[in-house]
Amino acid sequence: MMINNQQSINSIEKISHEIRLRIVELTFQSRKYGAHIGGSLSSVEILATLFHSVVQNKPNSIEERDRVILSKGHAALALYCVLESVGLLSKEELDTFEGNGSQFLAHAKRDITKGLEFSGGSLGLGISYAVGVALACKAKGINNQIYVLLGDGECDEGLVWEALMCVKNYNLTNFTAIVDFNHLQADGFTEEVMNTDSLFDKFTAFGFKTIETDGHSIKDLVGAFGKRSDSKPNAIIARTIKGKGISFMENKRNWHHGILSDIQYKKAIDELNKWNSTDGE
Amino acid sequence: MENEAYFDVNAFASLGQSNSIFGVSLMDNIDIYPNIKVVTSDMALAAGLDRFRYLYPDSFYNVGIAEQNLIGVAAGLASEGFKSIAVAQAAFISMRSFEMVRQYLGYMHNNVILVGLNAGFLLKFFGNTHYATEDLSLMRGIPGMIVLSPADAGEAVKAFEAALRTDASVYIRLTGLKEAPIVYKEDFSYEIGKSNVIHEGDDITIFATGSMVHQVIIAGDLLETQGIKARIVDVHTIKPMDVDIVNDSKHSKLFVSVEEHNLIGGLGSSISEYISEFTDYPPLLRLGVKDAFSIPGDYEYLLKQNRLMPDLIAEDIINKYKQ
């Protein structure tokens, strides 16, 4: 389903804008509980590109679907909004976000009928699980892809590297790791808290065909997914900005998880709309 | 039971628990369950999996010395419909991988059979880093987990085959020396959650699990010479707990639990949790590993230190019984 024409790119850009508005809206609706908005905003284009241009969802065979596993589980809000945009979640369902008894919490719970492949939350666990899924799909002879979205902060976890080693050991060419490289973790810049630099070199050294790209450019992301190697596992290091699109959130560690006031909500929506209209010019 | 063509006590006794499971039973069952996938963290040789690896390379994965990833890979395979078996040292599969087991198996309901090798003090001179004396407590604390603790090699095979038939995650704790004496000298019936009475006696009831069942049988003979008649129960299932056997033993003057496990959180704890809700049960004497790290030595040295040799078990029971 890989698409590459300008019209489609424009359409995914527009969808990404709608997803950002929805993320802000749901964060505001959650009121005092807040949401992981920073890391959700950084992963919008990655997830939108995946679901609107890369992933194969074969309606006739759920078994043969591509699996997207959100290992940075705190970006569940972004994933929910993207799944809503492809029609796997309804507005009514997602409006229950962070409500008592809701299926849609800060961290997703596995429900493959809705595109939620993994119960995320504990960092590092998604990628390790994805290795088992990739081995299983290979053993079953399914010709599909397993996409895993990691955070750069998440790469502090030892389990990530145990999993990456295993991917190369079994040369899982059906495996693509994407790092939402937004340079921030809860306590501050990754370069200051735990410097994982250079992720490109590390993934390359672990045997991955690694591509570094602008994680907010649909065009570049589509290009990066299109350059997939068939002989090696793949990795995409997507350079992103935490809190992307909202000036007072961008590159601010305190927006890893935050609560929007009425004024901040209005400002955020205004900024996103302004950004969208300038972009279109 | 329908899947079991034979039950060769002597062959199992000479192989020990792990080799009986992976060298014999697994070979028989791969035909019955062709979707078995065995995953290990560099323990194929130690577990007796080498022949299986050689004969069924497509059903075997080695993730290297990476117990956290072991559980992730096993769970991922299970999520795609495979009958997944994860094999590692009991200490590491229960402790290092604890959160993975809780998340992937417990919370996400991916059914995996975990086989914990060398539980208790079996790794003798390796020291406390390698002892697994908290595994029952940890595994029991995960919602939905079935926790099995077989008493000898034959029962380990029964436990494994019962686990294969079960639609749940199961932790199988392997204890006892390879040359450990056999408890079951002939074929017997095994049902998860239903304890086996090894010996009848009216005065006291001793609940034992794993390696301690045999110790308690000898201790029972010593008690008999002192005029104390003990009912001896092999509690091969730690969870779900067999409350029927506890209720059925209510008439005893004393309950005793014996386990090669920390006194906190294992068999004794589970019995006391249950009977503490009532007033008409006898007192429970809990024997097991004291809440301290042991001084390493040979197996007997470690058991003696924790008063888990038959004569010491009998002595502690007599002292309590006379009170």
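Author: A crossing of two helices is right-handed if the near helix is turned clockwise from the far one by less than a right angle, and left-handed if the near helix is turned anticlockwise. The model discussed here is predicted.

Reader: Is the crossing of H6(A) and H4(B) left-handed or right-handed?

Author: The helices belong to two chains, and H4(B) spans residues 67–79 of chain B. By the definition just given, the crossing of H6(A) and H4(B) is right-handed.

Reader: What word describes how H6(A) lies to H4(B)?

Author: The two helices pack at an angle of about 50°, and their axes are 6 Å apart. Angles under 35 degrees count as roughly parallel, and 65 to 115 as roughly perpendicular. An angle of about 50° fits neither range, so H6(A) is, relative to H4(B), oblique.

Reader: How many nonpolar residues are in the contact of H6(A) with H4(B)?

Author: Among the residues of H6(A) that meet H4(B) are A:Leu125, A:Tyr129 and A:Val133. The partners in H4(B) include B:Gly72, B:Val73 and B:Leu77. The contact has no charged residues and seven polar ones, and its nonpolar residues number 11.

Reader: Which helix gives the most to the side of chain A that touches chain B?

Author: In the whole interface, 20 residues of chain A are in contact with 22 residues of chain B. On the chain A side, helix H6 (125–140) and helix H7 (158–169) each supply at least two residues. The largest share, 12 residues, comes from H6(A).

Reader: What class of residue makes up the contact of H3(A) with H4(A)?

Author: Within chain A, the axes of helix H3 (residues 44–54) and helix H4 (residues 76–85) come within 10 Å and cross at roughly 35°. A:Val44, A:Leu47, A:Ala48 and A:Phe51 of H3(A) make the contact with A:Ala78, A:Leu79 and A:Val82 of H4(A). No residue there is polar or charged; seven are nonpolar.

Reader: Is A:Ala177 buried or exposed?

Author: A:Ala177 sits in strand S3 (residues 175–181) of chain A. Apart from its neighbours within four places in sequence, A:Ala177 is in contact with residues including A:Ile127, A:Val148 and A:Phe208. A residue needs 20 or more other C-beta atoms within 10 Å to count as buried. A:Ala177 has 27 such neighbours, so it is buried.

Reader: Which residues point the other way from A:Phe175, A:Ala177, A:Val179 and A:Phe181 in S3(A)?

Author: In a regular strand the side chains alternate between the two faces of the sheet. S3(A) is mostly covered, with seven of its seven residues buried. Opposite to the four residues you name point A:Thr176, A:Ile178 and A:Asp180.

Reader: Which residue of S3(A) stands opposite A:Tyr147?

Author: Strand S2 (residues 146–151) of chain A runs parallel to S3(A), and six bridges join the two. The residue of S3(A) opposite A:Tyr147 is A:Thr176.

Reader: Which are the edge strands of the sheet in chain B?

Author: The sheet is open and has five strands in the order S7-S9-S8-S11-S12, with mixed pairing. An edge strand pairs on one side only, and here the edge strands are S7 (196–199) and S12 (284–289).

Reader: Which residue of S11(B) stands opposite B:Thr205?

Author: Strand S8 (residues 204–208) and strand S11 (residues 254–262) of chain B run parallel and are joined by five bridges. In S11(B), the residue facing B:Thr205 is B:Phe255.

Terms used:
Residues numbered from 1 in each chain as written. Chains lettered and ligands numbered in written order. Predicted model: local features only at pLDDT ≥ 70, side-chain atom pairs only at ≥ 80, totals over all residues. Pairing = 2+ DSSP bridges. Contact = placed C-beta atoms within 7 Å. Axes fitted to C-alpha atoms, helices over the stretch in contact; angles between N-to-C directions. Parallel < 35°, antiparallel > 145°, perpendicular 65-115°, else oblique. Nonpolar A, V, L, I, M, F, W, Y, C, P; charged D, E, K, R; others polar. Buried ≥ 20, exposed ≤ 12 C-beta atoms within 10 Å, placed from the backbone.
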